[in-house]
Amino acid sequence: MAFFQQNSSQIPMFPYKQTSRPQSLTSFDDLEYDRQRYANYMDDNNPELDRELEKRLVRKLDWMILPIICMIDFLQFLDKSTINYANAFTFSTDLNLSGSEYSLLGSIFYIGYLVYQIPNNYLLQRVPNVSRYIGTIVFLWGGILVAMAFGKTFGQMLAMRFLLGMFEAGIYPALTLLVATFYRRSEQVVRLGAFWLCNGLALFLGGLISYGIGNIDTSFFVTWQWIMLISGGATCIMGIASFFFLISNPKSPRLGLNAEYSHIVEERARDNAVYRTTTIKKSQIIEAIKEPRLWYLCVATMCLNLQNGAITIYNTQLIATFGFNSLQSVLLSTGSGLSDIVYILGSVYIVTHYKHSVLYTAMGLMTIDVIGLLLLLLIPIPKLKLIGFYLAWPYAACFVLILNTIANNVSGFTKKIFYSSVCMIFYCIGNVAGPFMMVKSQSPSYWGAMVGYCCSGTVCVICLGLARLWMAKLNNEKSRRRQSGVEKSNAMVDMTDREDPDFEYIL
């Protein structure tokens, strides 16, 4: 991943800079120019001043970028989950859905998601301003959700769900890109956790909002139409705001940075290993394909998202099988959001307080997930099955840690985007297949699906363990080479993690 900037005539590095200064961050000469030009602002004898300046910069980034990122993520998850809340009311009846048509509406979203991965990969490397790109696709999917409120047939809904998935597909890679652009590797897990926390918040507030709408007595629109209209309208407004106010360049004049911050921004860019280039480097793609780590992480992503694809759209329906009515099921679905929030907060706390604990934490989360699924299957008293249901939500926090692993441990612009894109393809495959494991004839227990999700969760744990072993082995090899003096660091920009002898994998 990398950061995007407009050309030199549009965005100077700082407001006071001469326009003759080279602007491309793809060359080492550009970075060296900053170091020489602003050397007088660097105070090696006063590290406390540098730390204080950096804290101010991070606070500014947190106020200017993180709220927009979090709001977009909140709306993205809420919008794709609207059919879950709609189906608690008269959605299926009004559209005359039968057989596996509802599951297909859930899966078609991720088929659109999958189709857009290659164009999104290309655009992330080519668009000059990622914030404008984000604002555009957010507005488009908001408009599609509004249109869905007026859908009358299964075919119309199928087409619009496909388009909704296409335009939402660019968001997770783009938002992760922004986090990797603006924040140090040590800071990223907290910020990634913050915007993924909004998934849980969307589950929680989405249930409350839908419950409130369900109690409105109106003949103008039915309940599920109001859900889509309100959610889609809010998303369109957010798209416009993102287009004009979200920044995508750490050197943007809108940050109001002065010369004191020059070397700090440069040092943070070096720490992130984030250097933009519009050249697609085939060597980095080949290197990624040859790494077993890529396939371990991708298989783990696919396995945990088998469950996600089903639980996200069958949330309220599963709760209803425990003996609750429609409105009660919608209200109780808020508990799954709270569960998601607790798991993400807990995992972020662990990985920020214990070194090299990221993948161990992810493995532990999926173990808890499997236990929750077994309880959901085995508890004999229907209403007590809620215990297992609420326990079975750690997979979302695990996925956050997988994305964080990629953001922190893959460098090289093309390689980082390739890793993220392939991972998202496997994410889509899992989400497409997951709903079809919920066989209607096995209702209310859906025992086949629960056993399948338990097995896939176990495979996920094994793959994460293998990925950790692979990176730990490389850490040891690099350490031995540095100690023997065989391999020394160089000034090459846009190195991959394998090429950089000083790169340490965060486990």
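**Figure 1. Close-up of P292 in helix α15 of the predicted model.** P292 is found in helix α15, and the model shown in this and the following views is a predicted one. With a relative accessible area of 30%, P292 is partly exposed. A residue from a distant stretch of sequence is shown with P292: W470 is 178 residues away along the chain, yet the two C-alpha atoms are 7.9 Å apart in space.

**Figure 2. Close-up of the salt bridge between E291 and R498.** E291 and R498 form a salt bridge in which the closest N and O atoms are 3.3 Å apart. The two partners come from distant parts of the chain, 207 residues apart. E291 sits in the loop between α14 (282-290) and α15, while R498 sits in the segment after α22 (447-484). The partners also differ in their exposure: E291 is buried, at 0% relative accessibility, whereas R498 is partly exposed, with a relative accessible area of 36%.

**Figure 3. Close-up of D497 and its salt bridges with R293 and K415.** The side chains of D497 and R293 meet in a salt bridge, with 3.3 Å from N to O. D497 lies in the segment after α22 and R293 in helix α15, so this pair ties together parts of the chain that are 204 residues apart in sequence. D497 also forms a salt bridge with K415, where the closest N and O atoms are 3.0 Å apart. That second pair links the segment after α22 to helix α21, across 82 residues. D497 is buried at 0% relative accessibility, R293 is buried at 1%, and K415 is buried at 0%.

**Figure 4. Close-up of the salt-bridge network.** Salt bridges that share partners join E287, E291, R293, K415, D497 and R498 into one network. The count of salt bridges comes to 8. Among the pairs in view are E291 with R498, D497 with R293 and D497 with K415.

**Figure 5. Close-up of T496 and its contacts.** T496 is located in the segment after α22 and is buried, with a relative accessibility of 0%. When neighbours within four places in sequence are left aside, T496 is in contact with Q284, E287, S411, G412 and K415. Of these contacts, E287 and K415 also belong to the salt-bridge network. K416 is 80 residues from T496 in sequence, and the C-alpha atoms of the two are 8.6 Å apart in space.

**Figure 6. Close-up of the buried side of helix α7.** Helix α7 spans residues 117-126, and Q117, N120, L124 and Q125 are buried in it. These residues lie on the same side of α7, because they cover an arc of only 130 degrees around the axis. In general, an α-helix has 3.6 residues a turn, so residues three or four places apart point the same way. What covers the buried residues of α7 includes helices α6 (101-115), α8 (130-148), α10 (171-182) and α21 (413-433).

**Figure 7. Close-up of the largest cavity.** A search of the whole structure finds 5 cavities of 30 Å³ or more. The largest cavity has a volume of about 110 Å³. Its lining is made of 15 residues, and those nearest the centre of the cavity are W196, N199, N308, Y395 and A396. The elements that give two or more residues to this lining are α3 (66-80), α11 (185-214), α15 (292-320) and α20 (395-409). By type, the lining of the largest cavity divides into 10 nonpolar, 3 polar and 2 charged residues.

**Figure 8. Close-ups of N96 and Y446, with positive phi.** N96 is not a glycine, but has a positive phi of about 55 degrees. N96 lies in the loop between α5 (91-94) and α6. With a relative accessible area of 62%, N96 is exposed. Y446 is likewise not a glycine and has a positive phi, of about 50 degrees. Y446 lies in the loop between α21 and α22. Buried or exposed, where does Y446 fall? At 7% relative accessibility, Y446 counts as buried.

Definitions and conventions. Residues are numbered from 1 along each chain as its sequence is written. This is a predicted model: local features need pLDDT of at least 70, side-chain atom pairs count only at pLDDT 80 or more; totals for chains, interfaces and linings use all residues. Side-chain values use heavy atoms; hydrogens and water are left out. Buried means under 20% relative accessible area, exposed over 50%, partly exposed in between (1.4 Å probe, protein chains only). Helices (H or I, at least four residues) and strands (E, at least two) are DSSP runs, numbered from the N terminus. The arc is that of the directions from the helix axis to the C-beta atoms. Contact means heavy atoms within 4.5 Å. On a 1 Å grid over the protein atoms alone, a cavity is a set of points where a 1.4 Å probe fits but cannot get out, and a pocket is an open set with protein on both sides within 12 Å along at least five of seven lines; lining residues have an atom within 4 Å of a point. Grid points are joined across faces, edges and corners, and a volume is the space filled by probe spheres set on the points. Ala, Val, Leu, Ile, Met, Phe, Trp, Tyr, Cys and Pro count as nonpolar, Asp, Glu, Lys and Arg as charged, and the others, Gly among them, as polar. A salt bridge is a side-chain nitrogen of Lys or Arg within 4 Å of a carboxyl oxygen of Asp or Glu.
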